[in-house]
Amino acid sequence: QLACPLDLGCHSVKETSQKMSTKYQKGFGLPENFSSVLKDFTREVLRAQPENIAEFAANYFTELADSSQNEGGQGTQGI
């Protein structure tokens, strides 16, 4: 526990940062198909077992965007 002079209601740094982050955090939503895209990506990572996941992800999502645009879709805007 923190020593709090004059019982000023001191809080730990963790408590204070959590309160501040939720107070000023802007809400955001996820696209409708986000969970299915993430699930598909996860399956491919587990299947391929890449050494460099970041590079694999960049290639995967680039190909996904390209194929979506070629099919007349919105690319990754819908992701």
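User: A salt bridge is a side-chain nitrogen of Lys or Arg within 4 Å of a carboxyl oxygen of Asp or Glu. How far apart are the closest N and O atoms of Arg43 and Glu44?

Analyst: They are 3.8 Å apart, and Arg43 and Glu44 form a salt bridge. Because the limit is 4 Å, a pair at 3.8 Å counts. Keep in mind that this is a predicted model.

User: How many salt bridges does a search of the whole structure find?

Analyst: Three. Besides Arg43 with Glu44, Asp40 meets Arg43 through their side chains at 3.3 Å, N to O. Glu44 also bridges to Arg47, with the closest N and O atoms 2.6 Å apart. Through shared partners, the salt bridges join Asp40, Arg43, Glu44 and Arg47 into one network.

User: What is the spacing of Glu44 and Arg47 along helix α2?

Analyst: Glu44 and Arg47 are three residues apart in helix α2, so about one helical turn separates them. Asp40 and Arg43 are likewise three residues apart in α2, again about one helical turn.

User: Buried or exposed, which is Glu44?

Analyst: Buried: its relative accessible area is 18%, and the cut-off for buried is under 20%. Its partner Arg47 is exposed, at 59% relative accessibility. Arg43, at 46%, counts as partly exposed, and so does Asp40, with 29%.

User: What is Glu44 in contact with, leaving aside neighbours within four places in sequence?

Analyst: Phe56 and Tyr60. Tyr60 in turn touches Asp40, Phe41 and Glu44, not counting residues up to four places away in sequence. Two members of the salt-bridge network, Asp40 and Glu44, therefore appear among the contacts of Tyr60, given that contact means heavy atoms within 4.5 Å.

User: Switching topic. Which residues make up the largest nonpolar core?

Analyst: Five residues: Phe41, Val45, Phe56, Ala57 and Tyr60. Helices α2 (34-48) and α3 (53-70) each supply at least two of the core residues. The largest share, three residues, comes from α3. As background, nonpolar side chains tend to be buried together in soluble globular proteins.

User: Now the rings. How many aromatic pairs does the structure hold?

Analyst: Five. One of them is Phe41 with Phe56, a tilted pair at 6.2 Å centre to centre with 40° between the planes. This pair links distant parts of the chain, with Phe41 in helix α2 and Phe56 in helix α3, 15 residues apart. Phe41 and Phe56 are both buried.

User: And what are the distance and angle for Phe41 and Phe61?

Analyst: Phe41 and Phe61 form a tilted pair, 5.0 Å centre to centre and 35° between the planes. Here too distant parts of the chain are linked: Phe41 in helix α2 and Phe61 in helix α3 are 20 residues apart.

User: Why does the Phe41–Phe61 pair count as tilted?

Analyst: Planes under 30 degrees apart count as stacked and those over 60 as edge-to-face, so the rest are tilted. The angle here is 35°.

User: How is Phe61 placed, buried or exposed?

Analyst: Phe61 is partly exposed, with a relative accessible area of 27%. Phe41 is buried, with 12%. Since buried means under 20% relative accessible area, Phe61 at 27% falls outside that class.

User: Which residues do the ring pairs link into a cluster?

Analyst: Phe41, Phe56, Tyr60 and Phe61. Among them, Phe41, Phe56 and Tyr60 are also listed in the nonpolar core.

User: Step back to the fold. What does the secondary structure come to?

Analyst: Three helices and zero strands. Along the sequence the pattern is α-α-α.

User: What share of the residues counts as buried?

Analyst: 14% of the 79 residues. The protein exposes about 7000 Å², of which carbon and sulfur atoms supply 54%. Among contacts with a separation of 6 or more, 23% are between residues 24 or more positions apart.

User: Last thing, confidence. What is the mean pLDDT of the protein?

Analyst: The mean is 77, and 58% of the residues reach 70 or more.

User: Which element has the lowest mean pLDDT?

Analyst: Helix α1 (residues 13-24), at 61. Helix α2 has the highest, at 96. Glu44 sits in α2.

Note on methods: Residues are numbered from 1 along each chain as its sequence is written. This is a predicted model: local features need pLDDT of at least 70, side-chain atom pairs count only at pLDDT 80 or more; totals for chains, interfaces and linings use all residues. Side-chain values use heavy atoms; hydrogens and water are left out. A nonpolar core is a set of buried Ala, Val, Leu, Ile, Met, Phe, Trp, Tyr and Cys residues joined through side-chain atoms within 4.5 Å. Buried means under 20% relative accessible area, exposed over 50%, partly exposed in between (1.4 Å probe, protein chains only). Helices (H or I, at least four residues) and strands (E, at least two) are DSSP runs, numbered from the N terminus. Accessible areas come from the Shrake-Rupley method with a 1.4 Å probe; for residues, only the protein chains shown count as cover. Rings of Phe, Tyr and Trp (its six-membered ring) pair if their centres lie within 6.5 Å; planes under 30 degrees apart count as stacked, over 60 as edge-to-face and the rest as tilted. pLDDT is the predictor's confidence in each residue, from 0 to 100.
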